[in-house]
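Please open the structure in your viewer and keep the selection panel at hand. The tour below goes from stop to stop, telling you what to select and what is found there.

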Amino acid sequence: MESKLKPASEERDAPIAELRDASKHYGAVVAAEGLNLAIRRGEFLSFLGPSGCGKTTALRMLAGFESPTSGDILLDGQRVNDVPPHQRPVNMVFQHYALFPHLTVAQNIAYGLRQRRPRPPEDEISRAVERALETVRLPGFGPRRIWEMSGGQQQRVALARAIVNQPKLLLLDEPMAALDKKLRRDMQIELQTLQRQLGITFILVTHDQEEALSMSDRICIMRSGRIVQVGSPRELYDRPASRYVADFVGKSNFFPGTVTAVSAGRTELAAAGGHVIAGLAPVGIAAGQRASASLRPEQIALTRKPAGHALPVTVVNRIFLGEHTEYLVRNGDLGEFLVLVSRQAEASEGGFEPGDQAFASWSEGAALILEDD
Amino acid sequence: MTDRNDFISREKFMAELYRYKKGSVTRRHFLGVTGLGVATSVLGAAMPGLRSAARAQGSIGDRVVVASWPNYHDPANFEAFTAETGAAVDLNVFGSNEEMLAKLQAGGSGWDVFVPTNYTISTYVEEDLIEPLDLSKLPNYDPASFDARFAEAGTVNGVVYAVPRNWGTTGFVVNTSMLGDLPKPTTWKEFWDMTKAEFSGRTMVHDYQLTTIGNALKYFGYSFNSIDPKELADAERLLLEVKPHLFGINSDYQPSMRSGDAWMSIAWTGDGLQLHRDMPEIDYVLGKEGGELWSDFFAIPKGAPHRDAAYALINYLLTPEVNAKEVMFHGYPVADARVNAILPPEMLNDPIMYPAQELLDALEFGAAVTLTDPNRAELMARFKSA
Amino acid sequence: MQRQALRTWLFLAPAGAWFLCMLVLPLIVVFVYSFGERGAAGGYAPAFTFDNFLNLGSRWAAFKNTLILAPLGTLICLLIAYPLAYFLALKTSPRWRTVLLILVIVPFWTSILIRSYAWIYLLGGQGIPALLNALGLGNPRLINTPFAVLVGIVYGYLPLMVFPIYVALERLDKRLLEASSDLGSPPWRSFLQVTLPLSMPGVATGCMLVFILLMGEFLIPAMLGGGKVFFIGNALVDLFLQSRNWPFGSAVAVALVLVMLITVLAYMRFTRRWAGGRDDVSLM
């Protein structure tokens, strides 16, 4: 995946922000542990993970609402551990927007500019506010009260209030959690466009993998306060470092078993019923250990006739998804798993009905052998 | 002096609070000052045990509502009455005759017995607020044994509306230890002049038009009861002149006298007695020019809901033995020779309770007109709000 | 539909009857009386005269005292209550908060009469002045002064001011302060630009409660002012219970109600302005 790094200058190659071995403890509770991450200038990075994984803590450390118990936070190469939020060139879009209810839309957006010392002239402020409103496609909404705005509009105001300050980092804390699905999708696209247009570094916190996959240049997957894997959406999808990541990023079938052979480019796993599944494995997998073979549903083909390494299966359920159909099938040894069949493939094989007998197959070596965690 | 230094000790403070709780801070006006007038001390009603006991003679009903003055009744006597008759005594204490009249004028008081002062009774009769008494229901009332001076105000146009309870005087208390080289004041003139000079900021007057205006009138030698506009104008001028020098306008003067904040105050017999007993340096003085002599009465308001119980209670409290106990409790003299016969001699010889005859001779009973005269009422109100 | 209307009616009837009997009718009586004359022995005599209103000037001192001390007392209450409420709502752990809130209410468990008595001793010659004297700080007269009345007022009414402000501050979305900080505002400016404006409804409610009650106050001035600090409430008590000049008392009451009405209307305008369209607010 190509990164969207801006044209090179020696300064522009340096990370805009860094977490260096940053940990945050609340008494005995570990919110974040040993976070190491370099955020590239101009990228769209997402922290992805379930609630309580430490992603919000990481974001709040960047914003300055939390200071690390140990380790460092750097902004543009400067250590900012002890710099309070109001002195950091960073702005946040809060989860429930945190718009000031006693101020108008325009006053909300102007808030950041008015805190600057020396304070910019009013006409400059109002021009900037107008521009920000146009950017978020709310021209003329300045005099409105906050409660006169819909949820989606409030979100745009929150965005405008942040970007008008031209921050070095724009932090987004689950900004779309309160929107309905359709609106969320529109907003995702809009945010992505906006980020490209403005060139500001966006850091998004989300628990929605689809959102992270569709918007981000890079995703930082977190679990129990630690970073599990950082990479582009494709890297994470194709080369998950663990069963956790594979499970979190996209859908996958897991067949547990024992590693029987490890060699360069090919690792074999003996699954239930003696089925051997071969595939790639990350370094560190050793023969004899317990692991799981991961196969994406779309990697598995469903045919009426056996072809090569085919597993006999019974169709249990079928979900029509438009371009694809998702089948839940059962094998006597390996249990139930999902198969995604494209419309095209289905056309040649004909549709399957629950109860039909069929054969599941995948190309040799397509699986990933991943450590259980 | 020595007594005063420890007045704020915990025991004393609690005693003061307790005094308040009993609804008995001073004889009059404490509640007038607070404007509540409804701080109700419920004796029998709060003791259901007493109420159910001795219901044998239940014919008079289970309760009797009394409107009277604070620190003026021995609770033990009420308890004994309830035990004997089954009627619980519901005591409402008041701050002033004016307030009592206001409540009856407003109607729906629910009182069975009230205790008006001599000069108010004719007004109650005129306003048709008071019941003529059926003396056959008060066998313990023996007119012959009462000093007529203190009993006659209860009879209006030949009809007995009220029977005497206690009498007393209105003078002033002075803390003699604060006098320094000054001679002890003996006249109202000295009272007011000292207030403007040596005792500036240390004198209290009642929040009560009758005594405050009356004793200001005495400064000029006018009648205590004057309603003459010119004389009242003089009194007003004096009062307004004195006001900046007053410690307070408050009929609840005992706490301030005890704490030493106030050195002199217009006072009634019972308070004078109590203060002098606890702090001998505080003397009770009757101004030589005169002042007020008063007597209180038992009466029954029109429309009393428990009339039989009202007669029973008045009759009970007029029993000489019971009345004697009341006097020992509150320290106000009584006009009943039968009671005086059984009181301890030291009480009968107390100069505060029974002042010398020449001092008594100069005193005047309050006049009915002072209660209703709009100019006196308005003068007092102007003085207070000045 | 009709049934529902009937039910609504039945639900509202007790409150409506209460409102009518306890507020509207008495107010009408007071209003009618204010044009009457004092009866021969006091009370009310029917008449139609404006004399009572023309005589209002004779109570100017009481009105003046009230109109100075009530706002002053309200202001002092506010100045003490705001930091206290702020501390309780924003700087105290939940466990301590409950304890401290109870401590704020505890004095209310005792009658104001008894508590005022305590102040009579505390402010009396043997109380605080004696302590100051022992420390060589002079021996000021405190009791029976406007100062003593203000002490009593602040002491008695403080909780009424603390609670509305506390509630407003407690309800304040703390993320707004983070947002303000995030947008570059140092804490003290966040207080002025976010906390203070958003707690204004609580401030207004507290001020209103305290001010309205103070306008009718009579007990504290009577007890701690020793009859020398005279409120309009004391004038009313005197007029109804001592001089029994009900018509004049009614006229004073009507005047007092009018003053309060004006205050409440001003309050409503003020809060509406805070709630709605403030275009021209200065943000420091």
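Begin by selecting B:Ile213, which lies in helix H10 (residues 209–219) of chain B; helices here are DSSP runs of H or I with at least four residues, strands are runs of E with at least two, and both are numbered from the N terminus. B:Ile213 is buried, with a relative accessible area of 0%, where buried means under 20% relative accessible area, exposed means over 50%, and partly exposed is what falls in between (1.4 Å probe, protein chains only). Add B:Phe383 to the selection: B:Ile213 and B:Phe383 are 170 residues apart in sequence, and their C-alpha atoms are 9.8 Å apart in space.

Before going on, note that this is a predicted model, in which local features need pLDDT of at least 70 and side-chain atom pairs count only at pLDDT 80 or more, while totals for chains, interfaces and linings use all residues. Residues are numbered from 1 along each chain as its sequence is written, chains are lettered from A and ligands numbered from 1 in the order in which they are written, and side-chain values use heavy atoms, with hydrogens and water left out.

**Salt bridges in chain B**

Side chains of opposite charge can pair when their charged atoms come close. A salt bridge is counted when a side-chain nitrogen of Lys or Arg is within 4 Å of a carboxyl oxygen of Asp or Glu, and a search of the whole structure finds 43 of these over all chains.

Select B:Lys189 and B:Asp193, whose side chains meet in a salt bridge at 3.1 Å, N to O. Both residues belong to helix H9 (residues 188–196) of chain B, and because they are four residues apart there, about one helical turn separates them. B:Lys189 is partly exposed, with a relative accessible area of 39%, and B:Asp193 also counts as partly exposed, at 27% relative accessibility. If you now add B:Lys196 and B:Glu241, you have the members of a network of salt bridges that links B:Lys189, B:Asp193, B:Lys196 and B:Glu241.

Move next to B:Asp234 and B:Lys230, where the side chains meet in a salt bridge at 3.0 Å, N to O. How many residues apart are B:Asp234 and B:Lys230 in helix H11? They are four residues apart in helix H11 (residues 229–242) of chain B, so about one helical turn lies between them. B:Asp234 is buried, with a relative accessible area of 9%, whereas B:Lys230 counts as exposed at 52% relative accessibility.

**From chain B to chain C**

Select B:Lys384 together with C:Asp238, whose side chains meet in a salt bridge at 2.6 Å, N to O. This pair crosses between chains, from helix H20 (residues 374–385) of chain B, which holds B:Lys384, to helix H11 (residues 232–242) of chain C, which holds C:Asp238. Are B:Lys384 and C:Asp238 buried or exposed? B:Lys384 is buried, and so is C:Asp238.

Staying in chain C, go to C:Arg244, in the loop between H11 and helix H12 (246–275). Phi of C:Arg244 is near 50°, a positive value in a residue other than glycine, and at 0% relative accessibility C:Arg244 counts as buried. For another positive phi, return to chain B and select B:Asp128, which has a value of about 60° although it is not a glycine. B:Asp128 is found in the loop between helix H7 (121–126) and helix H8 (148–151) of chain B, and B:Asp128 is partly exposed, with a relative accessible area of 48%.

**Chain A**

For the last stop, show chain A, whose secondary structure comes to ten helices and 20 strands. Along its principal axes the C-alpha trace of chain A spans about 75 × 45 × 40 Å, and buried residues make up 50% of the 373 residues in the chain. Within chain A, select A:Arg117 and A:Pro118, since the peptide bond from A:Arg117 to A:Pro118 is cis, with omega near 0°. A:Pro118 has its place in the loop between helix H3 (105–114) and helix H4 (122–135) of chain A.
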